[in-house]
Amino acid sequence: DPNKVTQNFFEERFGFEFVENEIGQFVNQLHEIMQNPERVREHHIYVTYTQADEALAKGLFRAFIPQLARKYVTLWHKGKLLAGDDRATMMKQQIEKADVILLLLSMDMIADPEIMEMEMNWINERRKDRKLKVFAVLGRDCDWQAHPYFSELMALPENEQPINQWNSKDTAYLQIVRQLS
């Protein structure tokens, strides 16, 4: 079954998890893209998160599948690093390329020295550019407003309720994607 092969590829390579009957729609969107290769990507989105928030990040990535399929956005995160990649160089290059950065906030993220000392320095440098948009995506409850950097960012979801506290995380993810559209 070609759909199953496609599903296995995206699950293994990108960590996607498809809901029942979602793969057919995804394959149709990929087919549409292949017929219209001249479409230009509109936004390059860099997502930063900690290993502890990987499940929340994957949910967010799934919500972007229609935009990815239509080439409205590209997503990059450190989960895309391959063996042998220079981690710091790749992350810095992707931050420089991004026009939107999503910070998936949690206590673990705020406490992560690699993110706070390295990635946030690069992001702060790029923010001076004024073309870069940075959003605080509230993944899990944390005191993000007390942090001088995060408190000045627009928080998503709009109601500032962390994703993990929503009755339907899918609704939270979709609201985030819609707010960015």
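**A five-stranded parallel sheet and its surroundings**

In this predicted model, five strands form an open sheet in the order E2-E1-E3-E4-E5, with parallel pairing; strands are DSSP runs of at least two E residues and helices runs of at least four H or I residues, numbered from the N terminus, and two strands pair if DSSP finds at least two bridges between them. Strand E2 (73-76) and strand E5 (154-156) stand at the edges with a single partner strand each, so one side of each lacks a neighbour in the sheet. Neighbouring strands are turned by 30° against each other on average, direction ignored.

Residues are numbered from 1 along each chain as its sequence is written. Local features need pLDDT of at least 70, side-chain atom pairs count only at pLDDT 80 or more, totals for chains, interfaces and linings use all residues, and side-chain values use heavy atoms, without hydrogens and water.

Helix H5 (residues 87-97) contains Gln-94, which is buried, with a relative accessible area of 10%; buried means under 20%, exposed over 50% and partly exposed in between, for a 1.4 Å probe and protein chains only. Setting aside residues up to four places away in sequence, Gln-94 touches His-44, Tyr-46 and Trp-76, contact meaning heavy atoms within 4.5 Å.

At the E5 edge, strand E4 (residues 133-138) pairs with E5 in the parallel sense over three bridges, and Val-137 has Leu-156 as its bridge partner in E5. The peptide bond from Leu-156 to Pro-157 is cis, with omega near -5°, and Pro-157 lies in the loop between E5 and helix H8 (169-180). Glu-160, in the loop between E5 and H8, has a positive phi near 60°.

Terms used
Axes fitted to C-alpha atoms, helices over the stretch in contact; angles between N-to-C directions.
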